[in-house]
Amino acid sequence: MIDHRPVVPDVVVGFAGDTAGEEGRYRHPVRFLRVREDLSPGSCRPRGVARRHALAAD
């Protein structure tokens, strides 16, 4: 059994990675670049996920 612990995002960071992926994950390690103090977690979205207001407009 896998222990699942949901988290609340509280920081945005930049990272470098290539585009190779498998099953929704990066195939190769990614590299941390910096904390993005100019962005809030609410202003970002996971790759491939549409924003709610964009869906409501359709």
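Which strand does V35 lie in? V35 belongs to strand 4.

## Model basis

This is a predicted model, where local features need pLDDT of at least 70, side-chain atom pairs count only at pLDDT 80 or more, and totals for chains, interfaces and linings use all residues. Residues are numbered from 1 along each chain as its sequence is written, and side-chain values use heavy atoms, with hydrogens and water left out.

## Fold layout

The protein has 1 helix and 4 strands. Both are DSSP runs numbered from the N terminus: helices are H or I with at least four residues, strands E with at least two. The order from the N terminus is β-β-β-β-α.

Take contacts (heavy atoms within 4.5 Å) between residues at least 6 apart in sequence: 24% of them join residues at least 24 apart.

## Surface

Of the 58 residues, 3% are buried. Buried means under 20% relative accessible area, exposed over 50%, partly exposed in between (1.4 Å probe, protein chains only). The accessible surface is about 5900 Å² (Shrake-Rupley, 1.4 Å probe; for residues, only the protein chains shown count as cover). Carbon and sulfur atoms hold 54% of that surface.

## V35 and its patch

V35 has a relative accessible area of 39%, so it counts as partly exposed. V35 joins V11, V13 and F32 in a nonpolar surface patch. Together they offer about 350 Å² of accessible area. Such patches take residues with over 30% relative accessible area and no salt bridge; nonpolar side chains (Val, Leu, Ile, Met, Phe, Trp, Tyr) are joined within 5 Å, like charges within 9 Å. A salt bridge puts a Lys or Arg side-chain nitrogen within 4 Å of an Asp or Glu carboxyl oxygen.

## G42

G42 sits in the loop between strand 4 (31-35) and helix 1 (52-57). Its relative accessibility is 69%, so G42 is exposed. The C-alpha atoms of G42 and D10 are 9.0 Å apart, with the two positions 32 residues apart along the chain counted as their separation.
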